[in-house]
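Let's take a walk through this structure together. Have a look at the model first, and then we'll start with its pocket.

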Amino acid sequence: MKNGYMRLIGMKTLVKGLLIGGLTALASVHTIAQTTPELTDQSRFRQLGQELPTPNTYRSASGAPGHEYWQQRADYDISVTLNDDDLNPSVDGVETITYYNNSPDELRYVWLQLDQNIFKPNGIANLTNTSTIEEAGMSVDQALKRKNPWAGGYTIKAVTDVAGKGLPYTINETMMRVDLPMPLKSKGTYSFKVSWYNLINEGKKQGGRGAYEHFDEDNNNLYEMAQWFPRMCVYDDVWGWQHKQYLGRGEFALEFGNYRVKINVPADHIVGATGELQNSAAVLTATQISRLRTAETAKHPLKIVSEDDALEAIKTKAKGRKTWEFYAKNVRDFAWASSRRFIWDAMRINVAGKPVWAMSYYPKEGNPLWGKYSTEVVAHTIKVYSRYSINYNYPVAISVHGPIGGMEYPMICFNGGRPLKDGTYSERTKYGMISVIIHEVGHNFFPMIISSDERQWSWMDEGLNTFMQYLTEQEWQRDYPSQRGEPYKIAAYMKSDKAGQAPIMVNSESAINFGNNAYGKPATGLNILRETILGRKLFDYAFKEYCRRWAFKHPAPADFFRTMEDASGTDLDWFWRAWFYTTNHVDIAITGVKHTQLGSPDPAKAMAAKKADEQEPVTLSSQRNLQDIKATVVEENPDMKDFYNSYDQYKPSAEEVEKYQKALAVMKPEEKALYENGLHFYQLNFENRGGVMMPIILRMEFANGKDSVARIPVEVWRLNDKTISKVFMTDQPVQQFTLDPYLETADVDTDNNFYPAKNKASRFQLFKEAPQGPRFGPQQGPNPMQRERQKTSK
């Protein structure tokens, strides 16, 4: 029994410190020795060296702004007139831009963005659009539109210095270079004027991020004005001038500054805008001002302009005009909305001791959804985002309903979600509206405050914001049907044809399958970091630190990656590379399981077990021989027996029993219990088939009906990122192993996550067959509200 005794002594070291929880004693013992691939610079754990820019005095290796970080500033003084022609509206504007050169460089010219030029029929955006005949919809109407395209784009009337002297300028598609009369030195300031005119695009016909909507029933327009004025390009330490052409998808890179804007509109229009209204006594009625004061302490939104007020304005259609004056401090853009059809409600909330207005502007067509939900959702979003990122720094947050389905600007956003004419709506419409309001209001943080370069990296605002949207949705309603955020919901995309994918780290205009690339995949990656890789405590601290460091600054991807590692104390280069720089996916499989059990150290029990193991099987011949052979020779003649006929090889010797008694005398009670229960050892073999490594999350279901989950950090793959083996120890036999049991790693093939295998449709396949779920599938027939009304009306 020497071997059994040595096994006993060795196991004392193995089980020392083992945590016993209920009926399960689980410990990761070791990774099985195996052939290790050559560790080269191709290892998935290699550092992001050449992929990231070299740290410098402007951007540090920790991800924080460097001690010499700088950024430019541009202040605007704008006067704009809305020409409310029912079917051919336009704006006339003039702006004075004061540009602050905070860079160490001398500038001989400056660049402005002319975003409205995206509507020029022969502009780069229209000429480079691709389509098929089917997509283009070849019809007489389409042919007429192609033959007589809408004449959008800016007409630049003049570019002058503040004294009115003309400045040379050159327009290159959606960009305009203004040549300065003399070089602008570092720390210098220069002011100049631009005057312009442009038609306003109609949302239904020309699309766009800002537009007007015409209501035939009363011949009125509703305006959502965005990218409506020439704006300064960013000049920074990363790109120099960011003057990549605006093609429609890659949004904006903008400098912070102060805005003073005067908006001249028909006298009965209600205007909502970036910033704070400066002349309320001149543009609001005494009743409206009184209602605003009451709303300051209201617990729920109050109507500042009611539906009856809006209907009265529609009927009378005032002939005069008013000028609304707004001031916005330290913002990167300015947008506004105007209409006599607006209902306006408001409430004030508290964010870190500061009052913040939550407001909504919407036509009667938005009710009952908008009056019930919009401002409440605005308030909820500001509170949740402030908790996870930084406190909201602006005095107001506005949600506007009109022709734009979802677009964001500082302090104001444009959102869709309209009930049917009978006032009913589907569940899809309801949650779609709430989600888009959360998303667009959330953009106040990303990129309006944490001001990344949208023209280059859409994911830095859309992805981070979609992640925050998911957290905010879950706090709105416990069973909220979020469409993005949960890892299993991105699995179908990640397993799809690689020709339909691009890495997240591509330019905004080059991203394929843009919604998944810029929104879904980065948001899901952050959720995996938060829940599975870092844990909520580490992630939340690091994410909040990134927001704090880069509030009102211009972060680049490296600043985000480095800050998350710096503040969490975790090397995440493997994750950034796999998730952001490749189109690989997660597919980790259980490829094999081996089992053995710790035998009892009691020599008698050990020998009994050995005897059972080595016992000859009962065969058909042996059974028949018992019947047919009446007596054997040895049975008939006992003299044929010798020592071995009575020798019991399974009886422990006196020496073995004595050694066991001595070992037992010094054994602790918990060690005795482990041996008495009989420990089980399982070797599991794992294969990384998708290329993206993930922690091993393994659920073990035991024969007694209980279970346990082991969480093994991703570093388990550090010596071999393709195949590993690992031993798990339990004090109960395992009936079922399940890898990634809670669908937290975006594993695209869960059929290979079980041992023993389960015969069932994979979660990936089920998701692929119904990607939106029952709540968000195509509407078939009347919505549930309509059906209920039909029942009650009978």
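**Starting at the pocket**

The lining of the largest pocket is a mix of 15 nonpolar, 14 polar and seven charged residues. Here Ala, Val, Leu, Ile, Met, Phe, Trp, Tyr, Cys and Pro count as nonpolar, Asp, Glu, Lys and Arg as charged, and the others, Gly among them, as polar. The volume of this pocket is about 1200 Å³. Of its 36 lining residues, Asn-126, Asn-129, Pro-149, Lys-205 and Gln-206 sit closest to the centre. Four helices each give at least two residues to the lining: H2 (124–127), H3 (133–136), H4 (140–147) and H5 (203–206).

A word on the terms. On a 1 Å grid over the protein atoms alone, a pocket is an open set of points with protein on both sides within 12 Å along at least five of seven lines, a cavity is a set where a 1.4 Å probe fits but cannot get out, and lining residues have an atom within 4 Å of a point. Grid points are joined across faces, edges and corners, and a volume is the space filled by probe spheres set on the points. Bear in mind that this is a predicted model, where local features need pLDDT of at least 70 and side-chain atom pairs count only at pLDDT 80 or more, while totals for chains, interfaces and linings use all residues. Residues are numbered from 1 along each chain as its sequence is written, and side-chain values use heavy atoms, with hydrogens and water left out.

Now for the closed spaces. The whole structure holds eight cavities of 30 Å³ or more, and the largest has a volume of about 120 Å³. Its lining is made of 17 residues, with Asp-236, Ser-452, Asp-453, His-554 and Pro-555 nearest the centre. By class, that lining splits into ten nonpolar, three polar and four charged residues.

Stepping back, the protein chain has 24 helices and 33 strands, which are DSSP runs numbered from the N terminus (helices are H or I, at least four residues; strands are E, at least two). Its C-alpha atoms fill a box of roughly 130 × 75 × 55 Å along the principal axes.

Finally, zoom in on Ala-61, in the loop between strand S3 (27–31) and strand S4 (73–83). In space, Ala-61 is 8.9 Å from Asp-566, C-alpha to C-alpha, although the two are 505 residues apart in sequence.
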